[in-house]
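Student: Could you take me through one part of this model up close? I'd like to see how one residue sits among its surroundings, and then how that compares with other charged pairs.

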Amino acid sequence: MGVTVSVISGKGGTGKTTLCAGIAACLAAEGKRVILIDGDLRKQSLKPLFGIGAHSDGLVEVLSGKAKNFRLLPVPDSSLLLLSGDGTVAQPQRLLGSPRMGQILELLRQKLDYILIDTPPAGVLSDAAALAKYADGAIYVVRQDMANSVQIVNSVQSLSGAVPLYGCVLNCTQAGTTRSGYRHGRLS
């Protein structure tokens with residue numbers, strides 16, 4: 001039975017998607033059966049990251065019933081699979097909270113070792129919380145100088161009720177850039 005992990009950040013621009021893709025690629029390189037799901041139904045971003053331009057069905061199409069026989073995208077030169085599409089929706093909470101979402105993840109759990117979900121920013125949208133309920137755990141990503149400690153603690157505490165926290169990643173670190181390591185008052 002596969003493990004489902006949501007990779008979450010408070011805001012965009014933290015490097016969350018790149019980190020999530022890197023974790024998935026490393027697990028696949030170790031021989032694990034891995035799928036990376038583009039969970040941001042407002043802005044699909046995984047296909048361009050892997051240089052894939054072919055049309056595909058993602059969660060929007062699968063959850064809305066537009067994709068009858070969807071295929072998972074193979075990442076070139078890897079055993080990693082993607083569920084990433086071309087469609088977007090303005091209000092994805094209904095799709096993400098549907099019973100179909102749980103059914104898809106359960107099917108994937110039976111066939112794969114790891115399911116990684118690249119979620120939209122949790123601090124801006126409730127979409128990440130809708131996805132977190134399906135995960136076994138979450139990794140929270142913070143980018144240096146993009147949030148103060150109070151914002152980080154508040155975000156982590158709000159997630160703790162929805163999903164176990166596997167860990168936090170301090171991304172894009174540079175020694176000596178600020179006195180405290182965080183720029184107060186700014187979360188972006």
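Tutor: Sure, let's zoom in on Lys47, keeping in mind that this is a predicted model. If you skip the neighbours within four places in sequence, Lys47 is in contact with Ile52, Ala54, His55, Ser56, Leu73, Ser84, Gly85 and Asp86. As for where Lys47 sits, look in helix 2, which covers residues 46–49.

Is Lys47 buried or exposed? Its relative accessible area is just 4%, and because the cut-off for buried is under 20%, Lys47 counts as buried.

Now pick out Asp86 from that contact list. Asp86 and Lys47 form a salt bridge, with 2.5 Å between the closest N and O atoms. Asp86 belongs to the loop between strand 4 (81–83) and helix 4 (93–96), while Lys47 is in helix 2, so this pair ties together parts that are 39 residues apart in sequence. The two partners don't get the same label, though: Asp86 is partly exposed, at 39% relative accessible area, whereas Lys47 is buried at 4%.

How many salt bridges are there by this rule? The count comes to four, so let me show you two others, because a salt bridge here just needs a Lys or Arg side-chain nitrogen within 4 Å of an Asp or Glu carboxyl oxygen.

One of them joins Asp136 to Arg109, where the closest N and O atoms are 3.0 Å apart. Asp136 is in the loop between helix 6 (127–132) and strand 6 (137–143), and Arg109 is in helix 5, so the pair links parts lying 27 residues apart in sequence. Here, too, a buried base meets a partly exposed acid: Arg109 is buried, with a relative accessible area of 13%, and Asp136 is partly exposed at 28%.

Another brings together the side chains of Arg33 and Asp113, at 3.0 Å from N to O. Both ends are in loops: Arg33 lies between helix 1 (16–29) and strand 2 (34–38), and Asp113 lies between helix 5 (99–111) and strand 5 (114–118), so this salt bridge ties together parts that are 80 residues apart in sequence. Arg33 is partly exposed, at 42% relative accessibility, and Asp113 is partly exposed as well, at 24%.

Back to where we started: Lys47 is a buried residue in helix 2, and its salt bridge runs to Asp86.

How values were computed: Residues are numbered from 1 along each chain as its sequence is written. This is a predicted model: local features need pLDDT of at least 70, side-chain atom pairs count only at pLDDT 80 or more; totals for chains, interfaces and linings use all residues. Side-chain values use heavy atoms; hydrogens and water are left out. Helices (H or I, at least four residues) and strands (E, at least two) are DSSP runs, numbered from the N terminus. Buried means under 20% relative accessible area, exposed over 50%, partly exposed in between (1.4 Å probe, protein chains only). Contact means heavy atoms within 4.5 Å.
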